[in-house]
Amino acid sequence: MRYKAGLETRDRILEAARSLIADKGLEGTTIKAICDEAGVLPGSFYNLFASKEQAILTVVREAIDAVDPDPDHHGTDTLDELVTAYVRFVEDQPDLSRVYIRIGVYGAGSSPELTGRMIRHHQERVERFAAAMRRQSPEIPQALAQRRGETLVLALNGIALHRVIDPDFDVSSHARALLDDAVAVVTA
């Protein structure tokens with residue numbers, strides 16, 4: 001019973017952190033704000049997390065994992081799967097996608113660990129998009145696939161940012177058009 005209550009408290013804390021980061025950014029996400037939003041005492045927070053940074057890293061890790069169609073990195077994802085996973089992430093997990101974009105746009109502030117994690121994640125995503133392009137069209141030189149992968153990842157992030165700014169923005173159709181353009185360029 002205690003274990004279940006601990007998991008429920010952890011979930012409430014993470015949900016509160018997710019919501020606060022999405023709405024107020026890292027600066028507005030304090031332990032007090034998290035505890036107030038989650039309806040828990042600071043002692044309960046510290047029983048589960050060593051620091052605010054640990055809770056934030058957990059939320060960022062969730063966002064990074066949620067955008068990945070192949071979390072085990074088998075290396076078989078296609079451009080379509082990568083884009084579809086990103087669209088699903090933005091549409092189905094609005095708070096988490098706002099965290100992802102907010103951290104990406106505004107940076108990780110004074111947290112070198114968070115900054116490093118986001119940079120590594122971005123580089124890995126570009127590599128995954130480039131590898132998917134090369135699987136689809138093996139004749140494309142690696143350097144060109146890298147540049148196109150970078151462009152596609154940045155454009156998808158721009159689409160997600162537009163969704164954060166305008167909740168009615170049609171992510172799916174814009175991402176689909178972006179994918180169609182990318183595939184046309186890859187196969188041309």
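Let's start in helix 1 (residues 2-24), where Arg 18 and Glu 15 sit three residues apart and are therefore separated by about one helical turn. These two side chains form a salt bridge, with their closest N and O atoms 2.5 Å apart. Please keep in mind that this is a predicted model. The points below look at the salt bridges, the aromatic pairs, the nonpolar core and helix 7.

**Salt bridges**

- The structure holds eight salt bridges, and the pair in helix 1 is a good place to begin.
- Arg 18 is buried, at 14% relative accessible area, whereas its partner Glu 15 is partly exposed at 36%.
- Glu 15 and Arg 18 also belong, together with Glu 62, to one network of salt bridges that share partners.
- In helix 2 (residues 31-38), Lys 32 and Asp 36 are four residues apart, so about one helical turn separates them.
- Lys 32 and Asp 36 meet in a salt bridge with an N to O distance of 2.8 Å, and both residues are exposed.
- The general background is friendly to such pairs: an α-helix has 3.6 residues a turn, so residues three or four places apart point the same way.
- A further salt bridge joins Asp 77 to Arg 135, with 3.2 Å between the closest N and O atoms.
- This pair links distant parts of the chain, 58 residues apart: Asp 77 belongs to the loop between helix 4 (52-66) and helix 5 (79-92), and Arg 135 to helix 7.
- Asp 77 is buried, with a relative accessibility of 4%, while Arg 135 is partly exposed at 38%.

**Aromatic pairs**

- Across the whole structure, a search finds five aromatic pairs.
- One of them is formed by Phe 45 and Tyr 46, in an edge-to-face arrangement with 5.4 Å from centre to centre and 85° between the planes.
- Phe 45 is buried at 0% relative accessibility, whereas Tyr 46 is partly exposed at 44%.
- Another edge-to-face pair brings together Tyr 86 and Tyr 100, with centres 6.2 Å apart and planes at 70°.
- Tyr 86 lies in helix 5 and Tyr 100 in helix 6 (residues 94-106), so their pairing ties together parts that are 14 residues apart in sequence.
- Both tyrosines of this pair, Tyr 86 and Tyr 100, are buried.
- Phe 45 and Tyr 46 also join Phe 49 in one aromatic cluster.

**Nonpolar core**

- The largest nonpolar core has 52 residues, and those with the most contacts inside it are Phe 45, Val 60, Tyr 86, Tyr 100, Ile 103 and Phe 129.
- At least two residues of this core come from each of helix 1, helix 2, helix 4, helix 5, helix 6, helix 7, helix 8 (142-165) and helix 9 (171-187).
- Setting aside neighbours within four places in sequence, Tyr 100 is in contact with Ala 63, Val 67, Tyr 86, Phe 89, Met 118, His 121, Arg 125 and Asn 157.

**Helix 7**

- Helix 7 (residues 112-136) has 25 residues and reaches 36 Å from its first C-alpha to its last, close to the 36 Å expected.
- Its buried residues include Leu 114, Met 118, Val 126, Phe 129 and Met 133, and among them are also the charged-type names Arg 117, Arg 125 and Arg 128.

Methods:
Residues numbered from 1 in each chain as written. Predicted model: local features only at pLDDT ≥ 70, side-chain atom pairs only at ≥ 80, totals over all residues. Heavy atoms only, no water. Expected span 1.5 Å × (residues − 1). Buried < 20%, exposed > 50% of the residue type's maximum accessible area, 1.4 Å probe, protein only. Salt bridge = Lys/Arg side-chain N within 4 Å of Asp/Glu carboxyl O. Phe/Tyr/Trp six-rings, centres within 6.5 Å; stacked < 30°, edge-to-face > 60°. Core = buried A, V, L, I, M, F, W, Y, C linked by side-chain atoms within 4.5 Å. Contact = heavy atoms within 4.5 Å.
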